[in-house]
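The following exercises ask the reader to examine a structure step by step. Each task is followed by a worked solution.

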Amino acid sequence: MSEPAPEEYRKELSNRHINMIALGGAIGVGLFLGSGKALNQVGPGLMLIYAIAGVMIFFVMRALGELLMYRPVSGSFAEYAGEFIGPWAKFATGWGYWLVWIVTGMAEITAVGEYFQFWFPELPQWIPALGALIVLSGVNLIAVKLFGEFEFWFALIKVVAIVSMIVLVALILIFGFSEAGDTAAVSNIWSQGGFFPNGPTSALLAFQIVMFAFIGVEMVGQTASESKNPKQVLPKAINAVMLRILIFYVGALAALTALVPWTSFSPDGSPFVQAFALIGIPAAAGIINFVVITAALSSCNSGIFSTGRMLRTLSEDGHAPNAVGRLSARAVPSRAIAVTFGAMLIGVVLNYVAPEEAFTYITSASTVGALFTWGMIVIAHLGFRRKVARGEIQATTFRMPWAPYSNYVVLAFLAMVVVLLAFDSDTVIALYITPVLVIALGIGYVVSRRRSTERESARI
């Protein structure tokens with residue numbers, strides 16, 4: 001006889017898993033690749049841009065953390081949106097977040113295929129992309145603990161790469177060895193035209209580049225119902241977000257711009273590759289290529305995990321088919337993961353047959369989707385605090401600082417980033433796609449509610 005399927009997730013994610021998942025979520029592929037373009041656009045002041053954006057993300061995470069301490073559940077922010085904003089908010093947040101990770105996952109597996117061509121130029125890029133998707137889907141189907149182990153090592157690789165570079169640059173500044181020893185100086189940070197040599201406008205426009213490096217930081221909230229000690233480990237992991245952003249983003253950029261003047265970095269390449277090459281490390285490009293592949297695999301792995309849990313949450317209220325929400329004997333949402341696999345498989349096909357421009361348009365959906373998710377977390381937190389003030393629910397000891405004023409500051413900041421999307425030809429397409437997504441979600445919600453009403457009527 002087959003083992004009956006469980007009704008709840010297993011709590012198999014340990015403290016070290018949660019900490020590294022939170023850490024890995026805060027370090028995206030954008031730091032290794034996108035920081036070159038942003039650094040060329042802004043100058044050394046990019047450190048301040050990352051710091052300001054990091055403060056906003058920290059407040060979002062503190063809002064999420066307070067909600068998690070109130071009720072740690074899978075599908076966390078969709079659940080909270082439904083409870084403190086309304087049923088439509090759960091539908092929109094859940095499906096919006098699912099879409100964010102689907103298109104992000106498509107982009108990441110495509111990136112894996114492209115980066116594999118560094119070593120195997122004759123290999124069609126759809127082959128490693130498909131292989132990565134199959135392996136990571138298998139990992140998520142086996143057990144949540146295996147997912148945690150993969151994320152632990154993926155995050156560790158990124159951390160080792162960044163910390164190694166920071167330490168090596170510090171040693172070069174002190175002892176003056178390597179090819180960059182004669183030119184490396186802390187004064188490089190401000191001696192090439194100041195912190196914002198290209199003016200305040202270029203610095204302001206960089207926010208819409210920087211914010212997307214943080215996509216995935218909220219994913220730690222999805223682990224709540226599968227963590228062994230959520231109320232102990234999650235606050236510590238969330239509180240560490242700001243420090244990690246300062247170390248891994250601000251610290252890395254400070255090291256890069258001290259090693260050589262910021263004008264030396266190409267906007268089209270990875271500044272990490274150039275830094276490792278200047279230090280004299282053999283195969284610098286190969287090392288960073290490996291790190292970027294692991295970062296892309298980590299993002300895709302997180303996407304499969306998150307979308308599976310979110311689909312199950314949506315199915316519980318009839319916002320997705322009931323069958324999708326069933327757990328396997330291993331206590332993983334296997335059918336939801338299979339749906340995610342099928343959706344991301346479209347990315348492999350699309351990458352094979354469609355022009356690059358079409359793929360760029362689809363991935364633009366993730367930009368607005370991430371901002372929407374963060375905004376809904378902050379708005380749901382406002383609803384939570386209002387109920388606490390009325391005495392309807394009990395307050396938690398882990399609270400968002402300076403609420404509700406900090407909530408309004410974050411919402412204003414996110415709105416500013418949306419407006420800034422219109423001033424960049426690479427991101428303005430996201431604003432064109434947004435009305436289409438809103439209409440699609442609206443139609444989906446109406447259909448979902450109608451079916452739920454019909455089912456309730458049939459039962460009566």
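**Exercise 1.** Determine in which loop Ala331 lies, and decide whether Ala331 is buried or exposed.

*Solution.* Step 1: in this predicted model, Ala331 belongs to the loop between H15 and helix H16 (334-353). Step 2: the backbone of Ala331 shows a positive phi of about 65°, although this residue is not a glycine. Step 3: the relative accessible area of Ala331 is 2%. Buried means under 20%, and therefore Ala331 is classed as buried.

**Exercise 2.** Describe the loop between H18 and H19 by way of Trp402 and Pro404.

*Solution.* Step 1: Trp402 is placed in the loop between H18 and H19, and Pro404 is found in that loop as well. Step 2: Trp402 is a residue other than glycine with a positive phi, near 60°. Step 3: exposed means over 50% relative accessible area. Trp402 has 64% relative accessibility and therefore counts as exposed. Step 4: the peptide bond that leads from Ala403 to Pro404 is cis, and its omega is near 5°.

**Exercise 3.** Characterise the surroundings of Asn301 and Asn289 in helix H15.

*Solution.* Step 1: helix H15 covers residues 284-316 and contains Asn301; Asn289 is placed in H15 too. Step 2: Asn301 counts as buried because its relative accessibility is 0%. Asn289 is buried as well, with a relative accessible area of 9%. Step 3: the side chain of Asn301 is joined to that of Asn140 by a polar contact of 2.9 Å. Step 4: leaving aside neighbours within four places in sequence, the residues in contact with Asn301 include Leu136, Val139, Phe147 and Glu151. On the same basis, Asn289 is in contact with Tyr115, Phe118 and Trp119.

**Exercise 4.** Identify the buried residues of helix H12 and the helices against which they pack.

*Solution.* Step 1: helix H12 spans residues 230-239, and its buried residues are Pro230, Val233, Leu234, Pro235, Ala237 and Ile238. Step 2: an α-helix has 3.6 residues a turn, so residues three or four places apart point the same way. Step 3: the buried residues of H12 pack against helix H1 (15-25), helix H4 (46-70) and helix H13 (241-259).

**Exercise 5.** State how many residues the largest nonpolar core has, and which helix gives the most to it.

*Solution.* Step 1: the largest nonpolar core has 140 residues. Step 2: H4 gives the most to this core, supplying 17 residues. Step 3: Leu46, Met165, Phe214, Leu259, Phe272 and Trp374 have the most contacts inside the core. Step 4: Met165 serves as an example. Not counting residues up to four places away in sequence, Met165 touches Ala252, Ala255, Leu256, Phe272, Ala275 and Phe276.

**Exercise 6.** Analyse the lining of the second largest pocket by residue, by helix and by class.

*Solution.* Step 1: the second largest pocket holds about 380 Å³ of space. Step 2: its lining consists of 18 residues, and Ala92, Gly96, Leu99, Leu437 and Leu441 are those that lie nearest the centre. Step 3: helix H6 (87-116), helix H18 (365-389) and helix H20 (428-459) each supply at least two lining residues. H6 gives the most, with eight residues. Step 4: sorted by class, the lining has 14 nonpolar and four polar residues, and no charged ones.

Conventions: Residues are numbered from 1 along each chain as its sequence is written. This is a predicted model: local features need pLDDT of at least 70, side-chain atom pairs count only at pLDDT 80 or more; totals for chains, interfaces and linings use all residues. Side-chain values use heavy atoms; hydrogens and water are left out. On a 1 Å grid over the protein atoms alone, a cavity is a set of points where a 1.4 Å probe fits but cannot get out, and a pocket is an open set with protein on both sides within 12 Å along at least five of seven lines; lining residues have an atom within 4 Å of a point. Grid points are joined across faces, edges and corners, and a volume is the space filled by probe spheres set on the points. Helices (H or I, at least four residues) and strands (E, at least two) are DSSP runs, numbered from the N terminus. Ala, Val, Leu, Ile, Met, Phe, Trp, Tyr, Cys and Pro count as nonpolar, Asp, Glu, Lys and Arg as charged, and the others, Gly among them, as polar. Buried means under 20% relative accessible area, exposed over 50%, partly exposed in between (1.4 Å probe, protein chains only). A polar contact is a pair of N or O atoms within 3.5 Å; within protein, one must be able to donate a hydrogen and the other to accept it, and residues adjacent in sequence count only if both atoms are side-chain atoms. Contact means heavy atoms within 4.5 Å. A nonpolar core is a set of buried Ala, Val, Leu, Ile, Met, Phe, Trp, Tyr and Cys residues joined through side-chain atoms within 4.5 Å.
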